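Here's a quick walk through a fold, its helix packing and a few backbone oddities. Have a look at the model first, then read on.

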Amino acid sequence: MNSPKTCVVIEDDADIRDLIALILTDAGFEVHACETGHDGVVEAERLNPDLITLDVGLPDMDGREAARLIAAVSQAPILMITAFAELDDELHAIASGATAYLIKPFRPRQLREIALQLSPQHTASSTVQPNPCSQS
């Protein structure tokens, strides 16, 4: 049996974080969800994930700064998922290390398709459950 791909989801809004985790878990990823940039950077280095999703508006740091820190410790593609919809926002995200950019609100199918494109060797597994990176 192939092991699932690993994804770190970095999103401060619990509802959106849970939605992203649900969609990616359904797509076969083992999801580790974090609510701060710091926790996300730590998990990216610790887990060596296959994919990272990252919000721009985090409580402890700008997502673009988090992307730069993540890129220094991980080769994983970074999918920015954010409400910032201007072309300059997307260009700054890509310049910071993001591989792709998805604007909120997004359709679940969009997220799934982009995640699978960024992780093409992915094999689906429906038995994987989300794992929070920090205990509250």
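## Ground rules

Two terms come up when talking about what a helix packs against: contact means heavy atoms within 4.5 Å, and buried means under 20% relative accessible area. Keep in mind as well that this is a predicted model.

## The overall layout

Start with the parts list: the protein has five helices and six strands. Read from the N terminus, they run β-α-β-α-β-α-β-α-β-α-β.

The protein is 136 residues in length, and 48% of those residues count as buried. As for contacts with a separation of 6 or more, 64% of them are between residues 24 or more positions apart.

## Two sides of H5

Which residues of H5 are buried? They are Leu111, Ile114 and Ala115. These three cover an arc of only 100° around the axis, so they sit on the same side of H5. Flip to the other side of H5 and you find Arg109 and Gln117, which are exposed.

So what do the buried residues of H5 pack against? Their partners are H1, strand S3 (51–54), strand S4 (78–82) and strand S5 (100–103).

Back to Arg109 for a moment, a residue of helix H5. Its relative accessible area is 64%, and since exposed means over 50%, Arg109 counts as exposed. Its C-alpha atom is separated by 8.4 Å from that of Ile23, although the two residues are 86 residues apart along the chain.

## H1 against H5

Now for the helix pair. Helix H1 covers residues 14–26 and helix H5 residues 108–118; their axes come within 10 Å and cross at roughly 55°. That angle makes H1 oblique to H5, and the crossing is right-handed.

On the H1 side, the contact is made by Ile20, Ile23, Leu24 and Asp26, while H5 brings Pro108, Leu111, Arg112 and Ala115. Sorted by class, the residues of this contact are six nonpolar, no polar and two charged. Leu111 and Ala115 are among the buried residues of H5 too.

## H3 against H4

A second pair to look at is helix H3 (residues 63–73) and helix H4 (residues 87–96). Their axes are 8 Å apart and the packing angle is about 20°. H3 and H4 are therefore roughly parallel to each other.

H3 puts Arg64, Ala67 and Arg68 into the contact, and H4 supplies Asp89, His92, Ala93 and Ser96. By class, that contact has two nonpolar, two polar and three charged residues.

## Backbone oddities

What is the usual backbone picture? Most residues other than glycine have a negative phi, and most peptide bonds are trans. Two spots here are worth a click.

One is Asn48, in the loop between helix H2 (37–47) and S3. Phi of Asn48 is near 50°, a positive value in a residue other than glycine. Is Asn48 buried or exposed? With a relative accessibility of 55%, Asn48 counts as exposed. Along the chain, Asn48 and Thr6 are 42 residues apart, yet their C-alpha atoms are separated by 8.1 Å.

The other is the peptide bond from Lys104 to Pro105, which is cis, with omega near -5°. Pro105 has its place in the loop between S5 and H5.

How values were computed
Residues numbered from 1 in each chain as written. Predicted model: local features only at pLDDT ≥ 70, side-chain atom pairs only at ≥ 80, totals over all residues. Heavy atoms only, no water. Axes fitted to C-alpha atoms, helices over the stretch in contact; angles between N-to-C directions. Helix = DSSP H or I, 4+ residues; strand = E, 2+ residues; numbered from the N terminus. Parallel < 35°, antiparallel > 145°, perpendicular 65-115°, else oblique. Left-handed = near helix turned anticlockwise from the far one by under 90°. Nonpolar A, V, L, I, M, F, W, Y, C, P; charged D, E, K, R; others polar. Buried < 20%, exposed > 50% of the residue type's maximum accessible area, 1.4 Å probe, protein only. Arc of directions from axis to C-beta.
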